[in-house]
Amino acid sequence: MSWRELFTVAGCLKRAMVAAPLVIIVVGASAVGAQAANPTWTIAESANATLSGGNIESVSCSAPTACTAVGTDLNTSGIHVTLAERWNGASWQRQATPNPTGDTTSSVAPALVGVSCPAANFCIAVGNYQSGFVQAGMAETWNGHQWTWQSFPVPGDSSGWQLTGVSCTSSRFCEAVGGYSDVDTGLNDTFAATWNGISWSSQSTVNPDPNDFEFEQFNTVSCSSKTFCVAWASGNAGNPGETLAEQWNGSSWLVQSVPSANATVNSVSCTSANFCEAVGLGSAYIWDGSAWTAQTIPDSAGSGNLQGVSCTSRNFCQAVGEYNSSPNVVPVAAQWRGSAWTSQAAPNPATSTFAHLNAVSCASVNSCEAGGYFEVQVTSNDPKALAEGWHGDAWQLQQAVAPRGATYNVLSGVSCVSASFCEAVGTHFDSADNQDILAETWNGQRWTIQSTPNPANPYGSPDDNSLDQISCVSALFCEAVGAGSTGALTLIWNGTSWTLQTRPGASDVDSQLVSCPSASFCLAADADGHVDTWDGTSWSAGPAVTGLTFVGSISCLSATFCEAVGAGATGPQGAVWNGTSWTDQTVAGPVSTALSAVSCTTASSCEGVGEVADNGQEGTVAESWDGSAWTVQSTPDPSSTQGSQLTGVSCTSATSCTAVGWYTSSNVSSFGQRLTVVEVWDGTTWSLESSPNPSTGGLLAGVSCASSQVCTAVGQAENEGGVQATLIETGD
């Protein structure tokens, strides 16, 4: 890995994401921060920015004050979980729902896709999850107090199955439909099951000629009584299949004639054996008891994709979906009044660029609830629950429960002045795909996220802001540097708030460096060697660092002494600042050596750390400055490594330094994972210390020691769902 690549892995990633409210989620193994001496390093609880989320897939109302919406959301651990919300006529409230056993990784991904509530104290919801290498269906029931898991029959000879819809006329009769993959034929066929108030039983359904080798699954079902249900089936975008409608007559499923082989139906609603409405892609079909007939839907609804329909009688139905109103996708609605369909205006959330209404349920002509999701930035793939209500004259936006979920968070720099004050910086993504600044503070008890200014991208694209390093003199003064949408970023902390500053000499490169020995002097540089100095009032451009092709770190003791390390044309390189100019230093080591961090306690005592390539494999390296020369020191590497490097170092004296980084494991159980490294210098030798890792591994980018026995290291690790999260470790 090259030195420039190091900064990308360490958390200074750049990618092109209206910002969601910042909410703090704390993750970790123990409630410790920068603390007194510990015999070992421990993972501290760290704060992570989160996003509001949720996706409503289905809605069912038994009364205007009793509606249930179901779907899925991503929790703060990055795991998809089932979602249920309850409407009481005034607000939506989340309900606790069970999840499949083993839903501890992102691969399980349970989702509820259909719900039916014939009464306020009875609902059944169906959905799917991944069970090993195959998909499996699931069902849950609501008894007025709680949701519980139901046992459901697995289709015979199936190698995977799913449920797509459910319809109940009472607590003693429901129909659930979906599809399954037949082991014997290799085809995907329709599937149905019935609920009798006690248990589910599979039913036989009609499938097309197996010689046609077509993909089939039921997409929707509606029952007006226990002797009349209608289900529509088809293939999907990746698996074309025949359009199929079937009718349940109380004893068997029978095929109905459909008006077009190309009909695409997403939802159906029946009020009797003589009236049903089915809707889909720019289409609607009516059932009169003997045949289906195509209907015309005008305006945007007729050009959109209708996902849900609900009828209270043959004279009133509501349909909802989405419409491509370039460049955005917006909600759309249509109403049936017994003789014709009319398009309706469906409100779009103010910040939305991509909105879907997936389902609708009407308790009366004056009371309907619709649900779906929207995204602030279509490229972000961060859905947020959407709810809208119909009250007889117009659709209105409602505040759906949008549970907090995980988003990308990393820390790249930290500075501690005592056991009760640290600042850590990095970056995170919001729901608009903005990459924005992440700043956290430690008060001796917990880490909390701070509000920071974020320059908007002048080109209209998502923000691209991150902080790389921070240097604090006291709890009342810190300087942090990074790169952003408008160029190099510099922020000052005054004990109360962060404020943007201007640095005249900085260029827009990914890695920015800073060191402050006092509130009246700081030196900042970028990786290309451009320098600015702070005099307590303002920043001014200074002489560029000489001799280095890449500056990895700086450490200042005063306005007249700073040490810079990195890489030069022939290997590791250093330079010293005397208050007016830089002087090149020769640093020992092969050409493959690069120093990524330096810490000085006196002008004659500095430690630099980094990486060195040996026979194609990276290893840790450390060098010491004694006031006249740099000397290579021996550093240990983890025993089971495919490569390792040190990325941060902090010294409290010539005989006490702590360096951190990561290595790539060669152990079978963790092969290929990046794992944390901590090494300590006692004045004579460097030695490895045991450092913990989350189950998915982790890496440490920076470290700060307020004393020889109080050190805090920061970096990143994946959470259970595979989303990057902050990592903070503390030790001595």
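This briefing walks through selected sheets, cores, aromatic pairs and one buried serine in the structure above.

The model is predicted, so to read it fairly, note that local features need pLDDT of at least 70, side-chain atom pairs count only at pLDDT 80 or more, and totals for chains, interfaces and linings use all residues. Residues are numbered from 1 along each chain as its sequence is written, and side-chain values use heavy atoms, with hydrogens and water left out. Strands here are DSSP E runs of at least two residues, numbered from the N terminus.

**Two open sheets**

- One open sheet has four strands in the order 4-5-6-7, with antiparallel pairing (two strands pair if DSSP finds at least two bridges between them).
- Its edge strands are strand 4 (55-63) and strand 7 (92-95), each pairing on one side only.
- From one strand to the next, the twist averages 25° (axes are lines fitted to C-alpha atoms, and angles run from 0 to 180 degrees between N-to-C directions).
- Within this sheet, eight bridges link strand 5 (residues 66-74) and strand 6 (residues 80-87) in the antiparallel sense, and Gly71 has Leu83 in strand 6 as its bridge partner.
- Another open sheet of four strands is ordered 2-59-58-57, again with antiparallel pairing.
- Strand 2 (42-44) and strand 57 (699-707) stand at the edges of that sheet with a single partner strand each, so one side of each lacks a neighbour in the sheet.
- Neighbouring strands in this sheet are turned by 30° against each other on average, direction ignored.
- Strand 57 runs antiparallel to strand 58 (residues 710-718), and seven bridges join them; Ser704 stands opposite Thr712 in strand 58.

**Strand 35 and its two hairpins**

- Why is strand 35 (residues 435-442) described as largely enclosed by the rest of the structure? Eight of its eight residues are buried (buried means under 20% relative accessible area, exposed over 50%, and partly exposed in between, with a 1.4 Å probe and protein chains only).
- Strand 34 (residues 421-429) pairs with strand 35 in the antiparallel sense over eight bridges, and Glu423 stands opposite Thr441 in strand 35.
- These two strands form a hairpin with five residues between them, and Asp433 in the turn has a positive phi of about 70°.
- Strand 35 also pairs with strand 36 (residues 447-449), antiparallel over three bridges, and here Glu440 stands opposite Ile449 in strand 36.
- Four residues lie between strand 35 and strand 36 in their hairpin, where Gly444 in the turn has a positive phi of about 100°.

**Nonpolar cores**

- The largest nonpolar core has 29 residues, and those with the most contacts inside it are Ile124, Phe152, Val166, Cys174 and Trp200 (such a core is a set of buried Ala, Val, Leu, Ile, Met, Phe, Trp, Tyr and Cys residues joined through side-chain atoms within 4.5 Å).
- Among the strands that each supply at least two residues of this core are strand 8 (111-119), strand 9 (122-131) and strand 12 (158-170).
- Strand 9 gives the largest share, six residues.
- Val166 touches, among others, Val115, Ile124, Cys174 and Trp200, not counting residues up to four places away in sequence (contact means heavy atoms within 4.5 Å).
- A second, separate core of 16 residues includes Ala355, Cys368, Phe374 and Ala432.

**Aromatic pairs**

- The structure holds 24 aromatic pairs (rings of Phe, Tyr and Trp, the latter by its six-membered ring, pair if their centres lie within 6.5 Å; planes under 30 degrees apart count as stacked, over 60 as edge-to-face and the rest as tilted).
- Trp87 and Trp92 form a tilted pair, because their ring centres are 5.5 Å apart and their planes stand at 45°.
- Trp87 is buried at 7% relative accessibility, and Trp92 is buried at 5%.
- Trp195 and Trp200 form a tilted pair, at 5.7 Å centre to centre with 50° between the planes.
- Trp195 counts as buried at 9% relative accessibility, as does Trp200 at 6%.
- Phe152, Trp161, Tyr180, Phe191, Trp195 and Trp200 make up one aromatic cluster.

**A buried serine**

- Ser553 sits in strand 45 (residues 550-558) and counts as buried at 5% relative accessibility.
- Which backbone atom does the side chain of Ser553 reach? The side chain of Ser553 reaches the backbone nitrogen of Val598 at 3.1 Å.
- Beyond residues up to four places away in sequence, Ser553 touches several others, including Leu513, Glu563, Ser596 and Val598.

How values were computed:
Polar contact = N/O pair within 3.5 Å; in protein donor to acceptor, adjacent residues only side chain to side chain.
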